Amino acid sequence: MPYDESVPPTRRRRSLLAATVFVAVCLTAAGCGAGDDSAGAPARPGPSGSAAATSPSPSKSAPAPKKPSASPTPSASRSKPAGGNSGPLSGKTVVIDPGHNPNNHLHTREINRQVDIGTTHKECDTTGTSTNAGYAEARFTLDVSHRLRTLLQAQGAKVVLTYDNDRPFGPCVDERARIGNEARADAVVSVHADGSAVGNRGFHVILPGPVRGGAADTSKIVEPSRDLGTRIAGLFVRATGSAPSNYVGGNTGLDIRKDLGGLNLSTVPKVFIECGNMRDPKDAALLTSAGWRQKAAQGIADGISSFLNG
(Lines give C-alpha, C1' and ligand atoms only; values in the text may rest on other atoms or scores of the structure.)
Protein backbone atom coordinates (compact mmCIF):
# COMPACT_ATOMS: atom_id res chain seq x y z
CA MET A 1 0.00 0.00 0.00
CA PRO A 2 1.59 3.33 -0.97
CA TYR A 3 2.77 4.95 2.24
CA ASP A 4 1.46 8.39 1.34
CA GLU A 5 -1.88 7.26 -0.01
CA SER A 6 -4.89 8.96 1.54
CA VAL A 7 -7.40 8.04 -1.16
CA PRO A 8 -7.95 4.42 -2.19
CA PRO A 9 -6.89 3.66 -5.75
CA THR A 10 -9.67 3.91 -8.29
CA ARG A 11 -10.08 2.21 -11.64
CA ARG A 12 -8.72 4.30 -14.50
CA ARG A 13 -9.12 3.76 -18.19
CA ARG A 14 -5.83 2.96 -19.90
CA SER A 15 -5.07 3.89 -23.44
CA LEU A 16 -4.81 1.17 -26.06
CA LEU A 17 -1.15 2.09 -26.38
CA ALA A 18 -0.41 1.22 -22.75
CA ALA A 19 -2.09 -2.16 -23.08
CA THR A 20 -0.31 -2.88 -26.35
CA VAL A 21 3.10 -2.02 -24.93
CA PHE A 22 2.43 -4.15 -21.85
CA VAL A 23 1.44 -7.19 -23.91
CA ALA A 24 4.43 -6.72 -26.18
CA VAL A 25 6.80 -6.70 -23.21
CA CYS A 26 5.13 -9.81 -21.77
CA LEU A 27 5.62 -11.69 -25.02
CA THR A 28 9.02 -10.48 -26.12
CA ALA A 29 11.09 -9.53 -23.06
CA ALA A 30 13.91 -11.96 -22.34
CA GLY A 31 16.16 -12.87 -19.47
CA CYS A 32 13.65 -13.40 -16.68
CA GLY A 33 13.69 -16.36 -14.34
CA ALA A 34 11.40 -17.94 -11.79
CA GLY A 35 13.81 -17.65 -8.89
CA ASP A 36 14.57 -20.28 -6.27
CA ASP A 37 11.57 -21.73 -4.49
CA SER A 38 13.84 -22.91 -1.72
CA ALA A 39 14.97 -19.39 -0.84
CA GLY A 40 14.88 -18.67 2.85
CA ALA A 41 15.63 -15.61 4.93
CA PRO A 42 17.22 -12.57 3.29
CA ALA A 43 20.98 -12.35 3.26
CA ARG A 44 22.50 -10.63 6.25
CA PRO A 45 24.64 -7.76 4.96
CA GLY A 46 28.08 -7.03 6.30
CA PRO A 47 29.35 -3.56 7.09
CA SER A 48 29.61 -2.64 3.41
CA GLY A 49 26.07 -3.77 2.57
CA SER A 50 27.11 -7.09 1.05
CA ALA A 51 27.62 -10.40 2.77
CA ALA A 52 30.85 -10.39 4.75
CA ALA A 53 33.54 -12.69 3.42
CA THR A 54 36.31 -14.43 5.33
CA SER A 55 39.71 -14.90 3.74
CA PRO A 56 40.92 -18.51 3.76
CA SER A 57 43.81 -19.25 6.11
CA PRO A 58 47.16 -20.03 4.45
CA SER A 59 48.14 -23.65 3.95
CA LYS A 60 50.21 -25.13 6.76
CA SER A 61 52.67 -26.56 4.23
CA ALA A 62 53.30 -23.25 2.48
CA PRO A 63 56.84 -21.87 3.05
CA ALA A 64 57.17 -18.80 5.23
CA PRO A 65 57.95 -15.58 3.41
CA LYS A 66 61.56 -14.45 3.52
CA LYS A 67 60.61 -11.00 4.81
CA PRO A 68 57.57 -10.02 6.83
CA SER A 69 55.19 -7.66 5.10
CA ALA A 70 55.38 -4.07 6.34
CA SER A 71 51.59 -3.93 6.65
CA PRO A 72 48.83 -6.45 5.96
CA THR A 73 46.93 -6.05 2.71
CA PRO A 74 43.14 -6.15 3.15
CA SER A 75 41.39 -8.95 1.33
CA ALA A 76 39.82 -8.00 -1.99
CA SER A 77 36.35 -9.05 -0.85
CA ARG A 78 36.42 -6.56 2.03
CA SER A 79 37.84 -3.65 0.06
CA LYS A 80 35.27 -3.72 -2.73
CA PRO A 81 32.09 -1.60 -2.32
CA ALA A 82 28.71 -3.31 -2.34
CA GLY A 83 27.68 -3.69 -5.97
CA GLY A 84 29.30 -1.74 -8.75
CA ASN A 85 31.47 -4.70 -9.74
CA SER A 86 31.72 -6.35 -13.13
CA GLY A 87 28.47 -7.40 -14.76
CA PRO A 88 25.82 -6.14 -17.16
CA LEU A 89 24.71 -3.47 -14.66
CA SER A 90 28.20 -2.28 -13.76
CA GLY A 91 28.21 1.50 -13.37
CA LYS A 92 24.45 1.65 -12.72
CA THR A 93 22.86 2.79 -9.46
CA VAL A 94 19.52 1.38 -8.33
CA VAL A 95 17.63 2.63 -5.28
CA ILE A 96 15.19 0.22 -3.65
CA ASP A 97 12.54 1.77 -1.41
CA PRO A 98 10.95 -0.80 0.96
CA GLY A 99 7.50 0.60 1.70
CA HIS A 100 6.66 1.59 5.29
CA ASN A 101 8.59 0.55 8.39
CA PRO A 102 7.74 -2.31 10.80
CA ASN A 103 7.90 0.13 13.75
CA ASN A 104 5.77 2.93 12.30
CA HIS A 105 2.83 1.87 14.47
CA LEU A 106 4.90 2.76 17.55
CA HIS A 107 5.49 6.31 16.28
CA THR A 108 2.10 7.54 15.14
CA ARG A 109 2.77 11.16 16.11
CA GLU A 110 5.94 11.27 14.04
CA ILE A 111 4.55 9.56 10.95
CA ASN A 112 1.37 11.65 11.00
CA ARG A 113 3.42 14.83 10.65
CA GLN A 114 2.57 16.61 7.40
CA VAL A 115 5.30 17.02 4.77
CA ASP A 116 5.34 19.06 1.57
CA ILE A 117 5.02 16.97 -1.60
CA GLY A 118 4.97 19.95 -3.95
CA THR A 119 1.30 20.07 -4.86
CA THR A 120 -0.05 19.56 -1.34
CA HIS A 121 0.88 18.17 2.07
CA LYS A 122 0.64 14.51 3.11
CA GLU A 123 1.52 12.33 6.09
CA CYS A 124 5.22 11.64 6.62
CA ASP A 125 4.49 7.91 6.29
CA THR A 126 1.83 5.35 7.19
CA THR A 127 1.82 1.95 8.87
CA GLY A 128 0.92 0.00 5.74
CA THR A 129 -1.40 -2.98 5.64
CA SER A 130 -1.14 -6.67 6.62
CA THR A 131 -2.66 -10.05 5.92
CA ASN A 132 -5.60 -11.14 8.04
CA ALA A 133 -3.16 -13.39 9.92
CA GLY A 134 -0.97 -10.40 10.81
CA TYR A 135 1.91 -10.62 8.31
CA ALA A 136 2.82 -6.94 7.95
CA GLU A 137 3.38 -5.26 4.62
CA ALA A 138 6.54 -3.67 6.05
CA ARG A 139 8.01 -7.13 6.72
CA PHE A 140 7.11 -8.23 3.19
CA THR A 141 8.68 -5.17 1.57
CA LEU A 142 11.95 -5.54 3.46
CA ASP A 143 12.21 -9.23 2.59
CA VAL A 144 11.58 -8.68 -1.12
CA SER A 145 13.94 -5.69 -1.12
CA HIS A 146 16.77 -7.77 0.37
CA ARG A 147 16.27 -10.45 -2.27
CA LEU A 148 16.12 -7.81 -4.99
CA ARG A 149 19.34 -6.20 -3.75
CA THR A 150 21.18 -9.53 -3.94
CA LEU A 151 20.00 -10.16 -7.51
CA LEU A 152 20.99 -6.69 -8.72
CA GLN A 153 24.38 -6.71 -7.00
CA ALA A 154 25.12 -10.03 -8.69
CA GLN A 155 24.76 -8.17 -11.99
CA GLY A 156 27.19 -5.47 -10.90
CA ALA A 157 24.77 -2.73 -9.89
CA LYS A 158 25.38 -0.38 -6.99
CA VAL A 159 22.28 -0.76 -4.80
CA VAL A 160 21.04 1.71 -2.19
CA LEU A 161 18.11 1.02 0.17
CA THR A 162 16.16 4.01 1.49
CA TYR A 163 16.28 2.22 4.85
CA ASP A 164 17.21 -1.24 6.07
CA ASN A 165 15.38 -1.70 9.36
CA ASP A 166 17.95 0.72 10.79
CA ARG A 167 15.72 3.52 12.05
CA PRO A 168 12.76 3.68 14.46
CA PHE A 169 10.24 4.97 11.91
CA GLY A 170 9.96 6.28 8.36
CA PRO A 171 11.73 7.69 6.46
CA CYS A 172 9.17 10.27 5.42
CA VAL A 173 8.00 10.23 1.82
CA ASP A 174 9.91 13.39 0.91
CA GLU A 175 13.14 11.90 2.27
CA ARG A 176 12.56 8.66 0.38
CA ALA A 177 12.38 10.65 -2.84
CA ARG A 178 15.42 12.70 -1.87
CA ILE A 179 17.54 9.58 -1.30
CA GLY A 180 16.95 8.47 -4.88
CA ASN A 181 17.60 11.96 -6.23
CA GLU A 182 20.85 12.44 -4.31
CA ALA A 183 22.09 9.01 -5.38
CA ARG A 184 21.45 10.09 -8.99
CA ALA A 185 19.83 6.71 -9.40
CA ASP A 186 19.35 5.24 -12.84
CA ALA A 187 16.15 3.63 -11.53
CA VAL A 188 14.15 3.62 -8.28
CA VAL A 189 11.55 1.04 -7.33
CA SER A 190 9.33 1.32 -4.27
CA VAL A 191 8.14 -2.11 -3.11
CA HIS A 192 4.64 -2.50 -1.67
CA ALA A 193 1.65 -4.79 -1.24
CA ASP A 194 -1.93 -3.53 -1.38
CA GLY A 195 -4.74 -3.71 1.15
CA SER A 196 -7.98 -3.99 -0.82
CA ALA A 197 -11.22 -5.99 -0.70
CA VAL A 198 -11.40 -9.78 -0.86
CA GLY A 199 -11.63 -10.88 -4.48
CA ASN A 200 -9.41 -8.06 -5.68
CA ARG A 201 -6.29 -9.85 -6.88
CA GLY A 202 -3.09 -9.36 -8.82
CA PHE A 203 -0.27 -6.82 -9.02
CA HIS A 204 -0.03 -3.37 -10.50
CA VAL A 205 2.80 -0.91 -11.12
CA ILE A 206 2.15 2.74 -10.26
CA LEU A 207 3.61 5.33 -12.62
CA PRO A 208 4.07 9.07 -11.98
CA GLY A 209 1.66 11.38 -13.74
CA PRO A 210 2.53 14.85 -15.05
CA VAL A 211 2.79 17.05 -11.97
CA ARG A 212 4.24 20.51 -11.46
CA GLY A 213 3.98 22.57 -8.29
CA GLY A 214 6.41 23.72 -5.64
CA ALA A 215 9.30 21.25 -5.50
CA ALA A 216 7.41 18.76 -7.65
CA ASP A 217 8.10 18.55 -11.39
CA THR A 218 7.76 15.15 -13.03
CA SER A 219 8.01 16.38 -16.62
CA LYS A 220 11.40 14.75 -17.20
CA ILE A 221 10.63 11.41 -15.58
CA VAL A 222 7.13 10.54 -16.80
CA GLU A 223 8.24 8.79 -19.99
CA PRO A 224 11.30 6.91 -18.66
CA SER A 225 9.28 5.87 -15.61
CA ARG A 226 6.56 4.48 -17.90
CA ASP A 227 9.23 2.49 -19.74
CA LEU A 228 10.62 1.17 -16.45
CA GLY A 229 7.17 0.28 -15.12
CA THR A 230 6.02 -1.41 -18.32
CA ARG A 231 9.10 -3.63 -18.38
CA ILE A 232 8.70 -4.56 -14.72
CA ALA A 233 5.03 -5.39 -15.25
CA GLY A 234 5.72 -7.68 -18.20
CA LEU A 235 8.58 -9.53 -16.55
CA PHE A 236 6.79 -9.79 -13.19
CA VAL A 237 4.10 -11.81 -14.97
CA ARG A 238 6.70 -14.19 -16.37
CA ALA A 239 8.61 -14.66 -13.13
CA THR A 240 5.66 -15.06 -10.76
CA GLY A 241 2.78 -16.29 -12.93
CA SER A 242 0.60 -13.65 -11.27
CA ALA A 243 -1.95 -11.81 -13.37
CA PRO A 244 -2.24 -8.04 -13.57
CA SER A 245 -4.65 -6.47 -11.10
CA ASN A 246 -8.34 -7.13 -11.73
CA TYR A 247 -9.35 -3.96 -9.86
CA VAL A 248 -6.80 -1.28 -10.87
CA GLY A 249 -5.42 -0.38 -14.29
CA GLY A 250 -7.91 -2.03 -16.62
CA ASN A 251 -5.99 -5.35 -16.67
CA THR A 252 -2.83 -3.65 -17.99
CA GLY A 253 -0.94 -3.92 -14.69
CA LEU A 254 -0.25 -0.17 -14.90
CA ASP A 255 -1.77 2.75 -13.00
CA ILE A 256 -0.96 6.47 -12.99
CA ARG A 257 -1.03 8.51 -9.79
CA LYS A 258 -0.47 12.22 -9.12
CA ASP A 259 -0.96 12.14 -5.35
CA LEU A 260 2.10 10.20 -4.18
CA GLY A 261 4.93 12.29 -2.77
CA GLY A 262 7.48 9.57 -3.45
CA LEU A 263 6.77 9.97 -7.17
CA ASN A 264 5.96 13.68 -7.32
CA LEU A 265 9.27 14.69 -5.75
CA SER A 266 11.44 12.28 -7.71
CA THR A 267 13.82 13.67 -10.32
CA VAL A 268 14.92 10.22 -11.51
CA PRO A 269 12.88 7.39 -13.09
CA LYS A 270 10.78 5.84 -10.36
CA VAL A 271 7.79 3.51 -9.97
CA PHE A 272 5.90 1.74 -7.21
CA ILE A 273 4.90 -1.91 -7.45
CA GLU A 274 1.96 -3.34 -5.50
CA CYS A 275 2.89 -7.02 -5.61
CA GLY A 276 -0.54 -8.29 -4.62
CA ASN A 277 -3.49 -7.78 -2.26
CA MET A 278 -2.68 -8.82 1.30
CA ARG A 279 -6.37 -8.87 2.23
CA ASP A 280 -7.31 -11.49 -0.31
CA PRO A 281 -6.65 -15.04 0.98
CA LYS A 282 -5.34 -16.34 -2.36
CA ASP A 283 -2.97 -13.43 -2.85
CA ALA A 284 -1.96 -13.59 0.81
CA ALA A 285 -0.92 -17.22 0.37
CA LEU A 286 1.52 -16.07 -2.32
CA LEU A 287 2.84 -13.04 -0.46
CA THR A 288 3.61 -15.11 2.65
CA SER A 289 5.54 -17.74 0.64
CA ALA A 290 9.33 -17.32 0.66
CA GLY A 291 9.53 -19.07 -2.69
CA TRP A 292 7.04 -16.70 -4.28
CA ARG A 293 8.79 -13.67 -2.79
CA GLN A 294 11.99 -14.82 -4.49
CA LYS A 295 10.09 -14.99 -7.79
CA ALA A 296 8.69 -11.51 -7.15
CA ALA A 297 12.19 -10.15 -6.56
CA GLN A 298 13.38 -11.88 -9.72
CA GLY A 299 10.60 -10.34 -11.80
CA ILE A 300 11.36 -6.85 -10.51
CA ALA A 301 15.10 -7.35 -11.05
CA ASP A 302 14.49 -8.56 -14.61
CA GLY A 303 12.40 -5.48 -15.35
CA ILE A 304 15.04 -3.14 -13.95
CA SER A 305 17.79 -4.91 -15.91
CA SER A 306 15.75 -4.71 -19.12
CA PHE A 307 15.22 -0.98 -18.59
CA LEU A 308 18.86 -0.22 -17.76
CA ASN A 309 20.20 -2.29 -20.65
CA GLY A 310 17.88 -0.51 -23.08
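## Walking through the sheet, the core and the disulfide

Let's start in the middle of things: β6 and β10 pair in the antiparallel sense, with 3 bridges between them. This is a predicted model, so take everything below as a reading of that prediction. On the β6 side, His204 stands opposite Glu274 in β10. Glu274 turns up again when you look towards β5, where His192 stands opposite this residue of β10. The pairing of β5 with β10 is parallel and runs over 6 bridges.

Step back and you can see the sheet that these strands belong to. It is an open sheet of 6 strands, in the order β4-β1-β5-β10-β6-β9, and the pairing is mixed. At the edges sit β4 and β9 (254–257), each of which pairs on one side only. Neighbouring strands are turned against each other by 25 degrees on average, direction ignored. Moving from β5 towards β4, you meet β1, which runs parallel to β5 and is joined to it by 5 bridges. If you want a landmark there, Val94 stands opposite Ala187 in β5.

Is β10 enclosed or not is worth settling by counting: 8 of the 8 residues of β10 are buried, so this strand is largely enclosed by the rest of the structure. One element to look at around here is α6, which lies across β5, β6, β9 and β10 and runs at about 30 degrees to β10.

Now for the packing. In soluble globular proteins, nonpolar side chains tend to be buried together. The largest nonpolar core here has 37 residues, and the members that touch the most other members are Phe140, Leu152, Val205, Cys275, Ile300 and Ile304. Two or more residues each come from β1 (93–98), α4, β4, β5, β6, α6, β10 (270–277) and α9. Which element gives the most to this core? That is α9, with 8 residues.

Two of those well-connected members deserve a closer look. Cys275 is buried, with a relative accessible area of 2%. Val205, leaving aside its neighbours within four places in sequence, is in contact with Gly229, Ile232, Ala233, Gly253, Leu254, Asp255, Val271, Phe272 and Ile273. There is also a second, separate core of 9 residues, which includes Val115, Cys172, Val211 and Ala216.

Next, the aromatic rings. A pair of aromatic rings is described by the distance of the centres and the angle of the planes. The count for this model comes to 2 aromatic pairs. One is Phe203 with Phe236, a tilted pair at 4.8 Å centre to centre with 55 degrees between the planes. The two residues come from distant parts of the chain, 33 residues apart: Phe203 is in the loop between β5 (187–194) and β6 (204–208), while Phe236 is in helix α6 (residues 222–240). Phe203 is buried, with a relative accessible area of 0%, and Phe236 is buried with a relative accessible area of 0%.

Phe236 also pairs with Trp292: the ring centres are 6.0 Å apart and the planes are at 80 degrees, so this pair is edge-to-face. Here too distant parts of the chain are linked, with Phe236 in helix α6 and Trp292 in helix α9 (residues 290–308), 56 residues apart. Both Phe236 and Trp292 are buried. Put together, Phe203, Phe236 and Trp292 form one aromatic cluster.

Finally, the covalent cross-link. How many disulfides does a search of the whole structure find? It finds 1, formed by Cys124 and Cys172 with their sulfur atoms 2.1 Å apart. The torsion about the S-S bond is about -90 degrees, so the disulfide is left-handed. This pair links distant parts of the chain, with the two positions 48 residues apart in numbering: Cys124 is in the loop between β3 (121–123) and α4 (137–154), and Cys172 is in the loop between β4 (158–161) and α5 (173–182). Cys124 is buried, with a relative accessible area of 0%. Cys172 counts as buried too, at 6% relative accessibility, and this cysteine is one of the residues in the second core.

Technical notes. Residues numbered from 1 in each chain as written. Predicted model: local features only at pLDDT ≥ 70, side-chain atom pairs only at ≥ 80, totals over all residues. Heavy atoms only, no water. Disulfide = S-S within 2.5 Å. Helix = DSSP H or I, 4+ residues; strand = E, 2+ residues; numbered from the N terminus. Buried < 20%, exposed > 50% of the residue type's maximum accessible area, 1.4 Å probe, protein only. Phe/Tyr/Trp six-rings, centres within 6.5 Å; stacked < 30°, edge-to-face > 60°. Core = buried A, V, L, I, M, F, W, Y, C linked by side-chain atoms within 4.5 Å. Contact = heavy atoms within 4.5 Å. Pairing = 2+ DSSP bridges. Axes fitted to C-alpha atoms, helices over the stretch in contact; angles between N-to-C directions.
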